[in-house]
Amino acid sequence: MADDTDLRRDLLRRIETRRAGVQAFLRANRPRTRRRATVIIVLSSLAALFTAGPAVGGETFAEGVQKGLGLASDSYVWRTLCLLALLVSIGSAVLTNISKSQDDVARLSTAEAANAELEGLSSLLEYGQLSVPDGVKLYQQYTVKIPFVDELPGAVSAGYGSPPRT
């Protein structure tokens, strides 16, 4: 029975080490993903804003801005607004495609789900509601979903069935 207890403790240690890695991943990536999404929204809004004046106000808008800024021609207004709309649209498109190519949101969701599954697994093992072999199977099923999450330095590396660490 002591052997089963040692294996259970070893598995619980592995789960907690893996959860620590998942939590570190989430702490590092949540803010970046949120910032990127915010910048994309702002850039898209700016593109709409830069085109709204000429679209709604037409020549009257362009002439009003020309006179207000003391420009020689209203074409400077059109060109400037078009250039600004182009630049922020490109910025928004680039950031959107980078975000999609890295699959940020899906990775965050998967890591959060795996963290919750590992937490539940840990509770089941701690309170003896799950056998160690079944716990190992579930641990493998949960961790295979998050290959993009690195192990933290000092993580347990002994295999199942190897002598427990003391």
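I began with S101 and found that its side chain reaches the backbone oxygen of I98 at 2.9 Å. I note here that the model I am reading is predicted.

Next I looked up where S101 sits, and found its place in helix α2, which covers residues 75-102. Is S101 buried or exposed? I put S101 down as exposed, because its relative accessibility is 60% and the cut-off for exposed is over 50%. I also checked S101 against E59, 42 residues away along the chain, and noted 41 Å between their C-alpha atoms.

I then went back to I98, the partner of S101 in that contact. I found I98 listed in a nonpolar surface patch of about 570 Å². The other members I wrote down are L83, L84, L86, L87, I90 and V94. I picked L83 to look at by itself and found it in helix α2. I entered L83 as partly exposed, because its relative accessible area is 46%, and partly exposed runs between 20% and 50%.

After the surface I turned to the inside. In soluble globular proteins, nonpolar side chains tend to be buried together. Which residues make up the largest nonpolar core? I counted off twelve: L7, L11, L12, I15, L118, L121, L125, L130, V132, V136, Y139 and Y142. I saw that at least two residues of this core come from each of α1 (2-69), α3 (104-126) and α4 (132-143).

My last entry is on Y139, one of the core residues. Leaving out residues up to four places away in sequence, I found Y139 touching L11, R14, I15, R18, L118 and L121.

Key:
Residues numbered from 1 in each chain as written. Predicted model: local features only at pLDDT ≥ 70, side-chain atom pairs only at ≥ 80, totals over all residues. Heavy atoms only, no water. Helix = DSSP H or I, 4+ residues; strand = E, 2+ residues; numbered from the N terminus. Buried < 20%, exposed > 50% of the residue type's maximum accessible area, 1.4 Å probe, protein only. Polar contact = N/O pair within 3.5 Å; in protein donor to acceptor, adjacent residues only side chain to side chain. Core = buried A, V, L, I, M, F, W, Y, C linked by side-chain atoms within 4.5 Å. Contact = heavy atoms within 4.5 Å. Patch = residues over 30% accessible without salt bridge, like charges linked within 9 Å, V, L, I, M, F, W, Y side chains within 5 Å. Areas by Shrake-Rupley, 256 points an atom, 1.4 Å probe, with all protein chains shown as cover. Salt bridge = Lys/Arg side-chain N within 4 Å of Asp/Glu carboxyl O.
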